[in-house]
Amino acid sequence: MALNQSNKIKQLVAEQKQGFSLAQTFYKDIDIYATEISNIFLKHWLFAGHVSQIPIAGDYFTFEFDTESVIVLRTTAGEIKAHINVCRHRGSKICLEQSGTQKSLTCPYHAWNYNLDGELISARNMPNDFELSDNGLHKVNVELLGGLIFVCLSENPPSVASLRQDLNSTFELFGMHSMKLAEKKSYRIPANWKLAVENYQECYHCAPSHQEFAQVHAMAKPPKMFQKAKENFSQANQGNPKFTEFNRYFDLAEEGQEGYQYDRNPLLRNALSGSLGGKTVAPLLGTLQGYDGGASELMIGPLSYFLIYDDHMIGYRFLPISADECICDVFWFVNESAVQGKDYQLEQLTWLWDVTTQADKTIIRNNQKGVDSRFYQSGRLSEMERFQQSFLNWYLQALVK
Ligand code: FES
Ligand SMILES: [Fe+2]
């Protein structure tokens, strides 16, 4: 990046007031957007999908943001690998579908053919000095965390050693490696990606905007009431591994380690799950023996979030398409042995987070419309927006790193 652009960003970061929403430029400037892609999206671990989506050799799905596309697949040897979805000949995209099964990867343009490990195995009519072995697909780093597939497009990704050490028992407890994806929905939002992320980091808006969510989640209550309910809930469950908290997110992450966060929060009244009336919607996850009336919040890396009820797990992630458009993907996971139509009904399972995400999409779009106005100015954040503030602090530092 040109020096004057980098200085401009440094200046903007220095001028941003603590405890206030971001200045308008952060949501619109294309140099800032480019810096976000290189300093955040290309440097961190991003949630791509789950092993249950590609059970058989040759199964693949694509994972896309901004101008990038990654092929995530299962190799002949049964490993999960990821390759950049760009042909080494003249750069065509290779896998054009969002998912499928292939014995090998054939570029649709001039039919160069790659094996599932990404090695080029044939290229027609090339000069004698052409080496197949120099033209494999670019590799993408992969980590499997409790069956969740994370990718990092940097050659030097942050370590997940600390995260694994702390969270392995959580992954086990909820049987995350043996879940299956029951449903995935994508919500395209005409707004800068940060407005979507920020919206998911505060529950200040939950009571006024999410009547359905607020009926089952104590988190939607005012902070003092929520804290009291959380304390009582944790005390009543002392010693239960489900209640061991980890706060290594954003600035609290150790140097060189990917950030993460885990805690368990109470649901309201007699709710057992995140559903209409708090009713159970699927068989228990993992080795759980019963319902405790809570839900766990799990964050892996700065941009991937999971909400674990005792009978299902929601995954959500936010990916930029451009400076003024983003995508929110929501994943619903159940125990792998659960049978749709018998053990769970898709409509009941997905109802709460579909209705909530639809409402969020409207909120975020309206937020962007106001932020676009000449009259927008940074506004003071509430006590219920502390987590959002931690994200903003981390974000501003990431821009100038
Ligand atoms: S661009 Fe892929 S074979 Fe030519
Ligand atoms: Fe919301």
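User: Hi! Which strands form the open sheet, and in what order?
Analyst: Happy to help! In this predicted model, 3 strands form an open sheet in the order 6-7-8, with antiparallel pairing. Strand 6 (105-106) and strand 8 (120-122) are the edge strands, each pairing on one side only.

User: How many bridges are there between strand 6 and strand 7?
Analyst: Strand 6 pairs with strand 7 (residues 113-114) over 2 bridges. Thr106 stands opposite Asn113 there.

User: Switching topic: which residues touch the most other members in the largest nonpolar core?
Analyst: That core has 84 residues, and the ones touching the most other members are Phe26, Phe41, Phe63, Val72, Trp193, Trp353 and Tyr395. Helix 9 (residues 386-400) gives the most to the core, with 7 residues.

User: And where does this core lie?
Analyst: Domain 1 (49-144) and domain 2 (159-400) both contribute residues, so the core lies between them. There is also a second, separate core of 26 residues, including Phe47 and Leu148.

User: Now the metal: which residues are the protein donors of the iron ion (ligand 2)?
Analyst: They are His205 and His210, each through NE2, and Asp360 through two OD entries, lying 2.1 to 2.6 Å from the iron ion. The site is irregular, with angles of 55 to 153° among its 4 donor atoms.

User: Where do His205 and Asp360 sit in the chain?
Analyst: His205 is in the loop between helix 4 (193-200) and helix 5 (206-209), while Asp360 is in helix 8 (residues 346-371), 155 residues apart.

User: Is His205 buried or exposed?
Analyst: His205 counts as buried, because its relative accessibility is 12%, under the 20% cut-off. Asp360 is buried too, with a relative accessible area of 2%.

Methods
Residues are numbered from 1 along each chain as its sequence is written. Chains are lettered from A and ligands numbered from 1 in the order in which they are written. This is a predicted model: local features need pLDDT of at least 70, side-chain atom pairs count only at pLDDT 80 or more; totals for chains, interfaces and linings use all residues. Side-chain values use heavy atoms; hydrogens and water are left out. Two strands pair if DSSP finds at least two bridges between them. Helices (H or I, at least four residues) and strands (E, at least two) are DSSP runs, numbered from the N terminus. A nonpolar core is a set of buried Ala, Val, Leu, Ile, Met, Phe, Trp, Tyr and Cys residues joined through side-chain atoms within 4.5 Å. Buried means under 20% relative accessible area, exposed over 50%, partly exposed in between (1.4 Å probe, protein chains only). Domain bounds come from an automatic or database domain assignment. Donors are N, O and S atoms within 2.8 Å of the metal (3.2 Å for Na, K and Ca); water is not among the atoms, so sites may look incomplete. Four donors count as tetrahedral if all angles lie between 85 and 135 degrees; four count as square planar and six as octahedral if opposite donors are over 155 degrees apart and all others between 65 and 115; anything else is irregular.
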